[in-house]
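Good morning, and thank you for coming. Today I shall walk through one structure, from its overall plan to some of its details. Please look at the model now.

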Amino acid sequence: MIAVYPGSFDPITLGHLDIIERGCRLFEWVIVAVARNPNKTPLFTVQQRLNQIKTCTQHLTNLELDTFDTLTVTYATKRKAQVLLRGLRVLSDFEYELQMAHTNHSLSPQIETVFLATSNEYSFLSSSLVKEIAKFGGSATHLVPENVAIELEECFTKTPPSVLIPPPTAPMPPAD
Ligand code: ADP
């Protein structure tokens, strides 16, 4: 059975990696598909994210990396996948993930969404959290693969947080 694990992976965390490794034990073939989403402003380019994932998944032999810019189910159908793999962390994930699963099922009933519950130690972990830590000079080495920790550090040493935070907008002139 082929499973597609779609996501932003900006950047990949140990939580993502845990889902990938467990997915590779469950399915014959797993495709990690990085979404090219024009509505998001990522920290890392798609190519950087693919390289990051490639570096930390060398040990997995039934894994493929790809990108997509269509509906997830369109991509999964094209790749002949029967399963969309997603991770579930806290309750707040649930509402969105359930909505997406139902939407995808309404579009392509032959594709099932399979959720893997996060491992306890990664239940709080997200890409946004990791970027926030790195932005303010903290160490994320215990939360992301080693290669990603290095790139995060490089990224924010080159660009101090003040540059990344947009300046406050000018106040509106008083109305006449
Ligand atoms: P998206 O923008 O599609 O939510 P993400 O890269 O944020 O992309 O997440 C991809 C998938 O990985 C989602 O199903 C998300 O719930 C899951 N995920 C993210 N972090 C973790 C984690 N720490 N543990 C388990 N699953 C996770």
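Before I name any part, one definition is needed: helices and strands are DSSP runs, helices of at least four residues and strands of at least two, and they are numbered from the N terminus. Please also keep in mind that this is a predicted model.

Let me begin with the overall plan. The protein chain contains seven helices and five strands. Along the sequence, their order reads β-α-β-α-β-α-β-α-β-α-α-α. The chain has 176 residues, of which 29% count as buried. If we take the contacts between residues at least 6 apart in sequence, 76% of them join residues at least 24 apart.

I turn next to the interior. The largest nonpolar core has 31 residues, and Val 4, Tyr 5, Val 30 and Val 32 are those with the most contacts inside it. Several elements give two or more residues to this core, among them strand 1 (2–7), strand 2 (29–35), helix 3 (72–78) and helix 6 (146–158). Strand 2 gives the most, with five residues. Val 4 may serve as an example: leaving aside residues up to four places away in sequence, Val 4 touches Ile 31, Ala 33, Tyr 75, Ala 76, Arg 79, Ala 81, Leu 84 and Leu 85.

Now to the helices. The 13 residues of helix 1 should span 18 Å at 1.5 Å a residue, and the end C-alpha atoms are indeed 18 Å apart, which agrees. The buried residues of helix 1 are Gly 15, His 16, Ile 19, Ile 20, Gly 23 and Cys 24. Strand 1, strand 2, strand 3 (63–68), strand 4 and strand 5 (112–117) are included in what covers them. For such spacings, a general rule helps: an α-helix has 3.6 residues a turn, so residues three or four places apart point the same way.

Which residues of helix 2 are buried? In helix 2, residues 46–56, they are Arg 49, Gln 52 and Ile 53. Viewed down the axis of helix 2, these buried residues fall within an arc of 95°, so they line one face of the helix.

Let us move to the ligand. Of the 16 residues around the ligand, those that come nearest are Gly 7, Gly 15, Arg 86, Gly 87 and Thr 118. Helix 1 (14–26) and strand 4 (83–88) are the elements that give two or more residues to this shell. Helix 1 supplies the largest share, three residues. By character, the shell divides into four nonpolar, nine polar and three charged residues. Gly 15 therefore appears twice in this talk, because Gly 15 is among the buried residues of helix 1 and among those that come nearest to the ligand.

Finally, some details of the backbone. In the loop between strand 1 and helix 1 we find Pro 11. Asp 10 and Pro 11 are joined by a cis peptide bond, with omega about 0°. Phe 9 is placed in the loop between strand 1 and helix 1, and has a positive phi of about 50° although it is not a glycine. Lys 80, in the loop between helix 3 and strand 4, has a positive phi of about 60° and is not a glycine either.

Are these two residues, Phe 9 and Lys 80, buried or exposed? Phe 9 has 25 other C-beta atoms within 10 Å, so it is buried. Lys 80 has 9 within 10 Å and is therefore exposed.

Technical notes
Residues are numbered from 1 along each chain as its sequence is written. This is a predicted model: local features need pLDDT of at least 70, side-chain atom pairs count only at pLDDT 80 or more; totals for chains, interfaces and linings use all residues. A residue is buried if 20 or more other C-beta atoms lie within 10 Å of its own, exposed if 12 or fewer, and partly exposed in between; C-beta atoms are placed from the backbone. The arc is that of the directions from the helix axis to the C-beta atoms. A residue is near a molecule or strand if its C-beta atom, placed from the backbone, lies within 6 Å of it. Ala, Val, Leu, Ile, Met, Phe, Trp, Tyr, Cys and Pro count as nonpolar, Asp, Glu, Lys and Arg as charged, and the others, Gly among them, as polar. Two residues are in contact if their C-beta atoms, placed from the backbone, lie within 7 Å. A nonpolar core is a set of buried Ala, Val, Leu, Ile, Met, Phe, Trp, Tyr and Cys residues joined through C-beta atoms within 7 Å. The expected span of a helix is 1.5 Å times one less than its number of residues.
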